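User: I am new to this structure and would like to understand the reasons behind the words used for it. Could you take me through it step by step, setting each value against its criterion?

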Amino acid sequence: MGVSATITMIFAAVLMLLIVLGFVTYAIYFERKVLGWMQLRIGPNRTGPFGLLQSVADVFKLLIKEDTIPSKADRALFILAPAIAFVPSFAVIATLPFGENLYFADLNVGLLYYGALSSISTMGIILGGWASNNKYSLLGGMRSAAQMISYEVPLILSMVGVILMSGSLNLRVIVEGQEGWFWQWNLFPQIIAFGVFIIAAISELNRTPFDLPEAESELVAGYHVEYSGFRFAFFMLAEYTYMFAVSALTTVLFLGGWHAPAPFLEFIPGFIWFVLKFAGCVFFLFWIRASMPRIRVDQLMGLAWKVLLPIALVNIFLTAFVKMLLQ
Amino acid sequence: MKGIAKGLGVTLRGLTTKKVTHNYPDEPLNMPDRFRGVQHFIPELCIVCNQCARICPTECITLTGKPNPDPEKRVKLIDTFDINFEICILCDLCTEVCPTEAIVMTNNFELATYSRDDLMKDKDWLSDNNTNIRSENSRNLSPAAAKGGAK
């Protein structure tokens, strides 16, 4: 790789980081707005016009707060943990195709790369819980890790149905296989996988109804009890970056990526379609959060292993069987 | 499944339904008539009978009278009249016992100040507190209420 190519790459990565930061800022704002509207309130409206500066103010508050590190904490790991949680969440974006020619890396194992990297974030969470040297954060970290690892299994297995449909792990090829009318998107042939994927993905994101790791009304917080200031902000940033990544992944895997819902609508650029579908996914996450109570902790593991996993497995065999019949 | 869909429907409708919150500090909140707010005092009507001070459960009213300058009239005139809003519970009893309706309720309720001393309100302040006065007091009941009583 030449020098100019490297510089272009770094520039593009920085631009992407800025886009993600902007997304996170306004995702939080819209989350609070949507939650407010759904609860018959109006949401944040005091800071800036329409409250648009609310999350900027919140982030600024976090940045100027005292950065506390407990004296008995494992200092190195305590500092490292938020970075370990955040870096994979940003790195997975590299493989997501946002448009026909708009992607960072055209990996032929894109989906595998996504799955592998996103499980590294669990490490950051466990490390954060362990390095705090606090029994509550350790328990919280263990709980989150158990949840995230359990739900990763049905999440990956539900992707297998999509992989069988397109015969490739390359996310770009998966999108290309969904060209045409909207019923050719993987959403409809793979409706079972889609259901499992959505549930498992929400759980991976630690969002309501699976927000047990930091259940506000039950615990003080989970693995990040001892974190303050910008290290805490980093954990939150990782969570919202994953929201970006998972919404984009849902769009790519099930909603036809950059393809228009009908061939005659192809004149509208693919990127716009991608953004629309992506925004729909993000809104769906907020909507679910506004609607559902938290799942009970004793039902959490049962749902993953006894319900979602068998359904995902059945879906794989069903897909393979139908595909064989059609040949 | 059906329950989840129903719940999602409820929250989706919530997006467009009228919001129940008030824009309170920006827009004043209009209380209903008969709200028990800060009292309005009319010194000209007061006969210094002391009933309000005696009925007050928190003893927050202190008043003094002075002899009438007109020697023909025996009724005293009010000299000082203070309500201590640190302890006043806005119970409405003083306005009920007042035989001349010299003290009546208003719908105003904003009493917050930076100093506790400011909560001691005197005759002039209470007399100037003359907005949003309760329209229906025991002396001037509306015809329907006077006839049929409470329904």
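User: What makes A:N133 worth a remark, just after α4(A)?

Analyst: In this predicted model, A:N133 takes a positive phi of about 55°, and it does so just after α4(A). The helix before it, α4 of chain A, covers residues 110-131 and has 22 residues. A second helix is followed in a similar manner: after α7(A) comes A:N206, whose phi is positive as well, near 60°.

User: How do you know that the span of α4(A) is close to the one expected?

Analyst: The expected span is 1.5 Å times one less than the number of residues, and for the 22 residues of α4(A) this gives 32 Å. From its first C-alpha to its last, the helix reaches 32 Å, so the two values are close.

User: What does the rule of 1.5 Å a residue say about α7(A)?

Analyst: With 14 residues, α7(A) should span 20 Å, and its end C-alpha atoms are 20 Å apart, which agrees.

User: Why is α7(A) called largely enclosed by the rest of the structure?

Analyst: A residue is buried if 20 or more other C-beta atoms lie within 10 Å of its own. By that cut-off, 10 of the 14 residues of α7(A) are buried, and therefore the helix is described as largely enclosed. Among these buried residues are A:F194, A:F197, A:I199 and A:E204. The partners against which the buried residues of α7(A) pack are α5 (135-166), α8, α9 and α10 (297-326) of chain A.

User: Which residues have the most contacts inside the largest nonpolar core?

Analyst: They are A:F197, A:M243 and A:A245, in a core that has 78 residues. Its largest share, 18 residues, comes from α8(A). Apart from this core lies another, of 16 residues, which includes B:F81, B:A102, B:V104 and B:L126. As for A:A245, once its neighbours within four places in sequence are left aside, it is in contact with A:S89, A:V92, A:I93 and A:L96.

User: How do you know that the radius of gyration of chain A agrees with that of a compact globule?

Analyst: For 327 residues, the rule for a compact globule gives a value near 20 Å, and chain A has 20 Å, so the two agree. Its C-alpha atoms fill a box of roughly 65 × 50 × 45 Å along the principal axes. Buried residues make up 43% of the 327 residues, and of the contacts with a separation of 6 or more, 79% join residues 24 or more positions apart. In terms of secondary structure, chain A has 10 helices and 0 strands.

User: Why is A:L40 called partly exposed?

Analyst: A residue is exposed with 12 or fewer other C-beta atoms within 10 Å, buried with 20 or more, and partly exposed in between. A:L40 has 13 such atoms, so it is partly exposed. This residue sits in the loop between α1 (3-38) and α2 (54-64) of chain A, and its phi is near 60°, a positive value in a residue other than glycine.

User: How does B:V48 stand against those cut-offs, and where does it lie?

Analyst: B:V48 has 18 C-beta neighbours inside 10 Å and therefore counts as partly exposed. It lies in the loop between β1 (39-41) and α2 (51-55) of chain B, with a positive phi near 50°.

User: Why is B:T11 called buried or exposed, whichever of the two applies?

Analyst: B:T11 has 20 other C-beta atoms within 10 Å, and because the cut-off is 20 or more, it is buried. Its place is in helix α1 (residues 2-14) of chain B. Leaving aside its neighbours within four places in sequence, B:T11 is in contact with A:M38, A:W287, A:A290 and A:S291.

User: How many residues of each chain take part where the two chains touch?

Analyst: In chain A, 10 residues are in contact with 10 residues of chain B. On the side of chain A, α1 and α9 (270-291) each supply at least two residues, and α9(A) gives the largest share, 3 residues. By class, that side has 7 nonpolar, 2 polar and 1 charged residues.

User: What makes the peptide bond between A:T208 and A:P209 a cis bond?

Analyst: Omega of the bond that joins A:T208 and A:P209 is about 0°, and the bond is cis. A:P209 lies in the loop between α7 (191-204) and α8 (229-254) of chain A.

Conventions: Residues are numbered from 1 along each chain as its sequence is written. Chains are lettered from A and ligands numbered from 1 in the order in which they are written. This is a predicted model: local features need pLDDT of at least 70, side-chain atom pairs count only at pLDDT 80 or more; totals for chains, interfaces and linings use all residues. Helices (H or I, at least four residues) and strands (E, at least two) are DSSP runs, numbered from the N terminus. The radius of gyration is taken over C-alpha atoms; the globule rule is 2.2 Å times the number of residues to the power 0.38. Two residues are in contact if their C-beta atoms, placed from the backbone, lie within 7 Å. Ala, Val, Leu, Ile, Met, Phe, Trp, Tyr, Cys and Pro count as nonpolar, Asp, Glu, Lys and Arg as charged, and the others, Gly among them, as polar. A nonpolar core is a set of buried Ala, Val, Leu, Ile, Met, Phe, Trp, Tyr and Cys residues joined through C-beta atoms within 7 Å.
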